[in-house]
Amino acid sequence: MTGSQETGRLFGRRTVVAAVGAAGVAAALTACGGSDSGSPAGTAAEKPAGGEAPAGGAGAVLAKTADIPEGGGKVFADQGVVVTQPTAGQFKAFSSKCTHQGCAVKDVVDGMINCPCHGSMFDATDGTVKGGPAKQPLPAAAIKVEGDSITLA
């Protein structure tokens, strides 16, 4: 093999390795990226890609009313919702995906829905942002309270 052929082969390999590395970095940045361009990361009512119904879809019992503490709430990660009880007997539901970068919110404490990724906080009464970096409120999710059962609507 001549010197120019060997150089061409090495350059080709380096190009391939660099391209693969760049693709990996781009994929990682896309996964971690997100925007606050006014479009929420997702809503509980959306269907996942492929058209399947969300896990425990409409009509599925999420919890008993006694399971949701007054002034607090509970995150239902598999269903993509967080249910709160701001005042006695008043139940609200929101998407459990933070509108900053789509992380799942972690918990509801002292009337605040908390995102563990970057510290965003949302009001458990209406989903509005109480602490950034999120700029958009959590989208409301539809639930029904019948008797002592809370279901997705």
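Colleague: Is cysteine 117 buried, exposed or partly exposed?
Modeller: Cysteine 117 is partly exposed, at a relative accessible area of 38%. Here buried means under 20% relative accessible area, exposed over 50%, and partly exposed in between, with a 1.4 Å probe and protein chains only. This is a predicted model, in which local features need pLDDT of at least 70, side-chain atom pairs count only at pLDDT 80 or more, and totals for chains, interfaces and linings use all residues. Residues are numbered from 1 along each chain as its sequence is written, and side-chain values use heavy atoms, with hydrogens and water left out.

Colleague: Which cysteine forms a disulfide with cysteine 117?
Modeller: Cysteine 103 does, and the two sulfur atoms are 2.2 Å apart. A disulfide is taken as a pair of cysteine sulfur atoms within 2.5 Å, and that rule gives a count of one disulfide. The link of cysteine 103 and cysteine 117 is left-handed, with -105 degrees about the S-S bond.

Colleague: Which parts does the pair tie together?
Modeller: Cysteine 103 lies in the loop between strand S4 (90–95) and S5, and cysteine 117 in the loop between S6 and S7, so the pair ties together parts that are 14 residues apart in sequence. Strands are DSSP runs of E with at least two residues, numbered from the N terminus. Cysteine 103 counts as buried at 19% relative accessibility.

Colleague: Why is there no bond between cysteine 98 and cysteine 115?
Modeller: The closest cysteine sulfur to that of cysteine 98 is in cysteine 115, 3.8 Å away, which is too far for a bond. Cysteine 98 is buried at 1% relative accessibility, and cysteine 115 is buried at 6%.

Colleague: Turning to the sheet, what is the strand order?
Modeller: The order is S5-S6-S7-S8 in an open sheet of four strands with antiparallel pairing. Strand S5 (107–109) and strand S8 (129–131) are the edge strands, each pairing on one side only. From one strand to the next the twist averages 35 degrees, where axes are lines fitted to C-alpha atoms and angles run from 0 to 180 degrees between N-to-C directions.

Colleague: How many bridges join S6 to S7?
Modeller: Three bridges join strand S6 (residues 112–114) to strand S7 (residues 121–123), and the two run antiparallel. Two strands pair if DSSP finds at least two bridges between them. Asparagine 114 stands opposite methionine 121 in S7.

Colleague: What about backbone oddities; which peptide bond is cis?
Modeller: The bond from glycine 132 to proline 133 is cis, with omega near 25 degrees. Proline 133 is in the loop between S8 and strand S9 (143–146). As background, most residues other than glycine have a negative phi, and most peptide bonds are trans. Aspartate 110, although not a glycine, has a positive phi of about 50 degrees. Aspartate 110 lies in the loop between S5 and S6 and counts as exposed at 74% relative accessibility.

Colleague: Where is glutamine 85 found, and what does it touch?
Modeller: Glutamine 85 is found in strand S3 (residues 81–87) and is buried, with a relative accessible area of 9%. Not counting residues up to four places away in sequence, glutamine 85 touches residues including Thr65, Ile68, Pro69 and Phe91; contact means heavy atoms within 4.5 Å.

Colleague: And where is threonine 65 placed?
Modeller: Threonine 65 is in the loop between strand S1 (61–64) and strand S2 (73–76), and counts as buried at 19% relative accessibility. Beyond four places away in sequence, threonine 65 touches Gln85, Phe91, Val145, Gly147, Asp148, Ser149 and Ile150.
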